[in-house]
Amino acid sequence: MRLTELPRPSPERLLRQVQAEESKRWGARLKIFLGYAPGVGKSYRMLDEARRRHQRGEDVIVGAVQGQQSEEVQALLSNLEVIPTIQTPEGEAVNTEAILNRTPQVCVIDPLAAKNPPQSRNPYRWQDVQDLLRNGVSVLTSVNLLHVEEYKEKVRAITGKDTAETIPKSFLLAADDIVIVDVPPDLCLWRQGEKLTSTGISNYQERKLSELRELALLLTAEVVDAQLESYVQAHGIEPVFGTHERFLICMTPHSDALAMIESGKRNKERFQGELHAVYVCEPGQSRKDAVKIRRYLEAAEKAGATTEVLESDNPISAIVDFAKDKRITQIFIGHSIHDSWRERFFGDPVLRLIRAAEGIDVRVFPH
Amino acid sequence: MPESSAIPRGSLKVYLGYAAGVGKTFQMLADAHAAAERGEDVVLAYFEPHARPDTIAQAQALEAVPYKKIEYRGKLFDEMDTDAVLRRNPKIALVDELAHTNIPGSARAKRWEDVQVLLGAGVEVWTTMNVQHIESLNDQIWQITGIQVRETVPDWVIRQAAEIIAVDVTPDALLNRLKRGAIYKPEMVQKALAGFFKGSNLGALRELALRQAAHEVDLRQSAYDETSAFQLPRISESRADEAAETNSKEHILIHITADPSTAMLIRRGRRVADYLQASCTALFVHDTEQLSNLPADQRLAVEKHLRFARSLQIETRVIAGKDIAKAVVEFARQNKVTQIFVARPQTSLGERLRRKNYTENIVRLAQDLQVTVVADRSRRATT
């Protein structure tokens, strides 16, 4: 069987697997340095951390390094113990066995996204990293945005660069630590041998790199958000609101849901936020309303929203509970016109929602 | 400082972090060294002295402009000597801690105002700041961390920057630095652990800083695209139909009252307007167009809010009207406002009666407009 034919585990399965294995590790941690392009200085940052840890008395070794090295990187490497990779005509592989026999506290594996040659212990280098972690060896590693499977196409569309060596995004999401190495595009290009320009975006090349830079910053923010959520869950503390804009559209058969969806889509894009849409199903709904709602749900999904139908005879509290659970920062709701006995008795539902949604912005839409 | 139109303004570079000790100053100095080695004329205009040893070592290798000694209440304080920097006239000046408030008796109240003077004289400025000092994020920071940050920098100052660089480190590494005594003196460490360094705070601030940096990078792409014929598939698809958007350009109206929650409303309005690229107006409605017949405390509060809105580059208007809610909604209709920002109605009945419930009336009256009721973010802050 050729390597390319090997089935790749699904991200979800992989994530579960990695998380299950986490408990088996003896305090081993995975730390990933993420860069948006070659030349941002990932390897330097990573090896500098290795040097500092070594100086502080940690047992640090190097299991793999990038081919081309700057003088600064070579200087950092000269003070660290290296276990050479296994060289074959088809490529090189981390000598995982030798590293495990040596059992250091920390091992540097650079870069993370590499395919191993045939007959290696594992088909992919990230699986070697998992083996090390499982055996109590912490790993410092680095990866470029291009080599994250889910970003490969986007990067190719911008730079024209392609790769066959990728890691799944879920591997990043499951890492203990991720650090973005951010430098302005002109500095990044300068390190690749281009001339320095003025501060800011001053040419086509820098403009393209800037696009990758934004993607890498947002990806890191997403990983940090996921870590924040698990921290909150593990410590049983109140969810953290407001680090990320999250919009919730409340749809009813009588609201102008399409206008809310349109606006929600724009807000999601502008804020790089999340969009949710809910419909609270009350008993006694008519067939005509059901058709309308189905159409709204479809439109919401097409606009990039995750949709949910809630069942409750108390729509206001159902919406507020859902919003708190999803850490919503802004609720979209339509003005209500119909004047039922309930409204006259309990007050306008929009006003009741505003009062109940403490800590969340409420945006009321016209019909 | 006289400003000559013949001198092009200097460009601004901001190193953005999320807490003390992330390495903003270190990164700035490292880049400055590299620049000096390339032959650039760099001086250290201000540098916070409570830095880590390796940061101090880096600072000592650069030319520094002596500080100005300012006496306040019998003690001497060091501040940046802006005039001395101007006389030295370097190509690049390094100014640590943009959000710093100058000691009383200084020429200007805020360090970012000194930076404006340097930029105006054509000096390129590199500076550092943390995300929690961005004015429009003030309430979100309060909501998330329970801490109210007093020293803030208006968003437009940051928007001026030609470049924003995110300085990232993991919260664990930061906590280790703190515990090793590498960030604060021992007596300060406990205070830090009860504040920004507590629990989920660092992670949340870090996420905010990364998202802010991404947003700043995105804005600079738009600015570049407008001045060049460049076309690129954008991350945000909305940019494709930019032309269509100008027809439906958003206009945000912020309803000003004497209530302290107005400050929050202004900040939120500013932030949303920035993201939606909307225009923004703040409106106060009163019996007459003069504020003079308001009770003194209310007048001071309203004037403060109007000044605050203007400091964030929001246009302010004061109009006469007997029925406040009606006047706000009519003004909105006449001025093609798309969204009205109002404060949350007070929850207790007594409070609601006293505030005459403008908010609920505006929501009822403005059936043809979008009304955003802004949350009171301070109330969610947990300890």
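**Exercise 1.** Which residue in S8(A) is the bridge partner of Phe33(A)?

*Solution.* The model is predicted. Start with the strand pair: strand S1 (residues 30–35) of chain A and S8(A) run parallel, joined by four bridges. Then find the partner: Phe33(A) is bridged to Val179(A) in S8(A).

**Exercise 2.** Place S8(A) in its sheet, and state what its position leaves open.

*Solution.* The sheet is open and has six strands of chain A, in the order S3-S2-S6-S7-S1-S8. Its pairing is parallel. Next, look at the ends. Strand S3 (81–82) and strand S8 (177–180) of chain A are the edge strands. Each has a single partner strand, so one side of each lacks a neighbour in the sheet.

**Exercise 3.** Trace the sheet of 10 strands that takes in strands of chains A and B.

*Solution.* Read the order: S11(A)-S10(A)-S9(A)-S12(A)-S13(A)-S12(B)-S11(B)-S8(B)-S9(B)-S10(B). In this order S13(A) is followed by S12(B). The sheet is open, and its pairing is mixed. Now the edges: strand S11 (306–311) of chain A and strand S10 (315–320) of chain B each have a single partner strand, so one side of each has no neighbour in the sheet. Last, the twist: neighbouring strands are turned by 25 degrees against each other on average, direction ignored.

**Exercise 4.** Describe the pairing of S11(B) with S12(B), then find the helix that lies across S10(B).

*Solution.* Strand S11 (residues 339–343) of chain B pairs with strand S12 (residues 370–374) of chain B in the parallel sense, over five bridges. Within this pair, Phe341(B) is opposite Thr372(B). The helix is H12 (residues 296–311) of chain B. H12(B) lies across strand S9 (279–286) and S10 of chain B, at about 145 degrees to S10(B).

**Exercise 5.** Classify the crossing of H5(B) and H11(B), and sort the contact residues by class.

*Solution.* Helix H5 (residues 138–145) and helix H11 (residues 261–276) of chain B have axes that come within 8 Å and cross at roughly 110 degrees. Angles of 65 to 115 degrees count as roughly perpendicular. The two helices are therefore roughly perpendicular to each other. From H5(B), the contact involves Asn138(B), Asp139(B), Gln140(B) and Trp142(B). From H11(B), it involves Met264(B), Arg267(B), Arg268(B) and Arg271(B). The tally is two nonpolar, two polar and four charged residues.

**Exercise 6.** How many disulfides does the whole structure hold?

*Solution.* The search over all chains finds zero. Take Cys281(A): the nearest cysteine sulfur belongs to Cys250(A), 15 Å away. A disulfide needs cysteine sulfur atoms within 2.5 Å, and Cys281(A) is in none.

Key
Residues numbered from 1 in each chain as written. Chains lettered and ligands numbered in written order. Predicted model: local features only at pLDDT ≥ 70, side-chain atom pairs only at ≥ 80, totals over all residues. Heavy atoms only, no water. Pairing = 2+ DSSP bridges. Axes fitted to C-alpha atoms, helices over the stretch in contact; angles between N-to-C directions. Contact = heavy atoms within 4.5 Å. Parallel < 35°, antiparallel > 145°, perpendicular 65-115°, else oblique. Nonpolar A, V, L, I, M, F, W, Y, C, P; charged D, E, K, R; others polar.
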